[in-house]
Amino acid sequence: MIAPKVPKPTAADERDAYELVTLRDDNTCQRCRRGCGPIARDHRQNRQSGNTVVSNLQCLGLECHIWKTEHPRDALREGFAVPRYAVPSEWPARRWVRTDLGTLRRAWVLYGDAGEIAEISETEAYDRMEGRAP
């Protein structure tokens, strides 16, 4: 069955996506949270027409962005990249989340296109990456 065509994001939609990601990620590298260079809004799934959406973007510093590019398998396994065949909003991401006490911890999440974050278990994250999604 052929799916209905989804409209491409406009330039304004893409600007809004970049702004939402900057706010969601607190303009901080989500891999290391340290000063690893200038922050970039990285496409989790390689950039292609129509995929500059919030669920496909993350903030990474320059060093971590280079690491992601040079280690694609590790980036997939660690939740910083999305394979070409996957839907970014359904592919787990690894990031820092704030606890109720205000401290930070690493967690697996799913990103939404309105800037929301849904935390998932490590088991669910690996199940999704291995094609056993709920």
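User: Let's start with one residue. Is F80 buried or exposed?

Analyst: Keep in mind that this is a predicted model. A residue counts as buried when its relative accessible area is under 20%. F80 has a relative accessible area of 1%, so F80 is buried.

User: Which aromatic residue does F80 pair with, and what is the geometry?

Analyst: For ring pairs, look at the angle between the planes: over 60 degrees counts as edge-to-face. By this rule the chain has 3 aromatic pairs. One of them joins F80 to W67, with 6.3 Å from centre to centre and 85° between the planes, and that makes the pair edge-to-face. W67 sits in helix α2 (residues 62–70), while F80 is in the loop between α3 (72–77) and β3, so to speak a link between distant parts of the chain, 13 residues apart. W67 is buried too, at a relative accessible area of 13%.

User: Where do W108 and Y126 lie?

Analyst: Those two form another edge-to-face pair, at 5.5 Å centre to centre with 65° between the planes. W108 belongs to strand β4 and Y126 to helix α4 (residues 122–129), so this pair ties together parts 18 residues apart in sequence. Their burial goes like this: W108 is buried, with a relative accessible area of 3%, whereas Y126 is partly exposed at 28%.

User: On to helices. Which residues of α1 are buried?

Analyst: Here's the general idea. An α-helix has 3.6 residues a turn, so residues three or four places apart point the same way. In this structure, the buried residues of α1 are E14, A17, V21 and R24. Looking down the axis of α1, you find those buried residues within an arc of 90°, so they line one face of the helix. On the other side of α1, the exposed residues are R15, E19 and L23.

User: What covers the buried residues of α1?

Analyst: The cover includes all of these strands: β1 (39–43), β2 (57–61), β3 (93–98), β4 (104–111) and β5 (117–120).

User: How far apart are the end C-alpha atoms of α1?

Analyst: You can work out what to expect from a rise of 1.5 Å a residue. Helix α1 has 14 residues (11–24), so the helix should span 20 Å; its end C-alpha atoms are 20 Å apart, which agrees. Just after α1, D26 takes a positive phi of about 55°.

User: How many helices and strands does the chain have?

Analyst: The count is 4 helices and 5 strands. Reading from the N terminus, the order is α-β-β-α-α-β-β-β-α.

User: What radius of gyration does the chain have?

Analyst: The trick is to set the value against a rule for globules. A compact globule of 134 residues would come out near 14 Å, and this chain has 15 Å, which agrees. Along the principal axes, the C-alpha atoms fill a box of roughly 45 × 35 × 35 Å. As for burial, 37% of the 134 residues count as buried. Contacts add to the picture: among those between residues at least 6 apart in sequence, 50% join residues at least 24 apart.

User: One last residue: which residues does G112 touch?

Analyst: Leaving out residues up to four places away in sequence, G112 touches V54 and S55. G112 is found in the loop between β4 and β5, and G112 is buried, with a relative accessible area of 10%. From G112 to H71, C-alpha to C-alpha, is 25 Å in space and 41 residues in sequence.

Key. Residues are numbered from 1 along each chain as its sequence is written. This is a predicted model: local features need pLDDT of at least 70, side-chain atom pairs count only at pLDDT 80 or more; totals for chains, interfaces and linings use all residues. Side-chain values use heavy atoms; hydrogens and water are left out. Helices (H or I, at least four residues) and strands (E, at least two) are DSSP runs, numbered from the N terminus. The expected span of a helix is 1.5 Å times one less than its number of residues. Buried means under 20% relative accessible area, exposed over 50%, partly exposed in between (1.4 Å probe, protein chains only). The arc is that of the directions from the helix axis to the C-beta atoms. Contact means heavy atoms within 4.5 Å. The radius of gyration is taken over C-alpha atoms; the globule rule is 2.2 Å times the number of residues to the power 0.38. Rings of Phe, Tyr and Trp (its six-membered ring) pair if their centres lie within 6.5 Å; planes under 30 degrees apart count as stacked, over 60 as edge-to-face and the rest as tilted.
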